[in-house]
Amino acid sequence: MAASGNAPALETIQADGTDGNCVTFVLHDEDHTLGNSLRYMVMKNPDVEFCGYCITHPSESKINFRIQTRGALPAVEPFRKGLNDLMGVCQHVLNTFERSMKEFRAQKEEEMQ
């Protein structure tokens, strides 16, 4: 889903007195579809100590996505890696689906002849 108007699609919130290893990312115009998938991908990283998300209210379409890492690793790194990994998985699913559809259509054409 795209951000509407001039509102940014992503904001970051960092608590005072913390370094970059504990950050809340606010994703606008998103829901559980992205939230849960991204949480799964980020939690696969062994350097992530905590990762969770919540939707502030059912009438709002934004996610508060929090990541806390171990050591000095900035939270933005596993967030970026999780997004890239999720895009890779989605691309693989799309390619597999398209290949299967092509094979299915070819098989149906052979049956019709």
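Strand β2 is mostly covered in this predicted model: 7 of its 7 residues are buried. The burial applies to both faces of β2, with Cys22, Thr24, Val26 and His28 on one side and Val23, Phe25 and Leu27 on the other.

**The sheet around β2**

Strand β2 belongs to an open sheet of 4 strands, ordered β1-β2-β4-β3 and paired antiparallel. The edges of the sheet are β1 (10–14) and β3 (48–55), each of which pairs on one side only. From one strand to the next, the twist averages 20 degrees. Strands of a sheet pair through backbone hydrogen bonds, in either a parallel or an antiparallel arrangement.

Strand β2 spans residues 22–28 and is joined to β1 by 5 bridges, the two strands running antiparallel. Within this pairing, Leu10 has Leu27 of β2 as its bridge partner, and Ile13 stands opposite Thr24 of β2. Between β2 and β4 there are 7 bridges, and these strands also run antiparallel. Here Phe25 has Phe65 of β4 as its bridge partner.

**Helices against the sheet**

Two helices lie across strands of the sheet, as set out below.

| Helix | Residues | Strands it lies across | Angle |
|---|---|---|---|
| α1 | 32–43 | β2, β3 and β4 | about 175 degrees to β3 |
| α2 | 76–112 | β1, β2, β3 and β4 | about 120 degrees to β4 |

Strand β4, which covers residues 62–69, is among the strands that α1 lies across. Helix α2 lies across β4 as well, and the angle of about 120 degrees refers to that strand.

**The nonpolar core**

The largest nonpolar core has 15 residues. The residues with the most contacts inside this core are Leu38, Val42, Phe65, Ile67 and Phe79. Two or more residues are contributed by each of β2, α1, β3, β4 and α2. Helix α1 supplies the largest share, 4 residues.

Which residues does Phe79 contact, leaving aside its neighbours within four places in sequence? The contacts of Phe79 are Leu10, Phe25, Leu27, Leu38, Val42, Phe65 and Ile67. Among these, Leu10 and Leu27 are bridge partners across β1 and β2, while Phe25 and Phe65 are bridge partners between β2 and β4.

**Cysteines**

How many disulfides does the model contain? The count comes to 0 disulfides. A disulfide is a covalent bond between the sulfur atoms of two cysteines, and the cut-off applied to a sulfur pair here is within 2.5 Å. Cys51 does not qualify because its closest cysteine sulfur, that of Cys22, is 11 Å away, too far for a bond. Cys90 fails likewise because the closest cysteine sulfur, in Cys51, is 16 Å from its own.

The surroundings of these residues can be added. Cys51 is buried, with a relative accessible area of 8%, whereas Cys90 counts as partly exposed at 47% relative accessibility. Cys22, on one side of β2, is buried.

**Annotated span**

An unreviewed UniProt entry carries the annotation "domain: DNA-directed RNA polymerase RBP11-like dimerisation" for residues 22–95. In the model, the end C-alpha atoms of residues 22–95 lie 35 Å apart. This span is 43% helix and 31% strand.

Notes
Residues are numbered from 1 along each chain as its sequence is written. This is a predicted model: local features need pLDDT of at least 70, side-chain atom pairs count only at pLDDT 80 or more; totals for chains, interfaces and linings use all residues. Side-chain values use heavy atoms; hydrogens and water are left out. Two strands pair if DSSP finds at least two bridges between them. Axes are lines fitted to C-alpha atoms, for helices over the stretch in contact, and angles run from 0 to 180 degrees between N-to-C directions. Contact means heavy atoms within 4.5 Å. Buried means under 20% relative accessible area, exposed over 50%, partly exposed in between (1.4 Å probe, protein chains only). A nonpolar core is a set of buried Ala, Val, Leu, Ile, Met, Phe, Trp, Tyr and Cys residues joined through side-chain atoms within 4.5 Å. UniProt positions are given in the numbering used here, feature names are shortened, and annotations may be inferred rather than shown by experiment.
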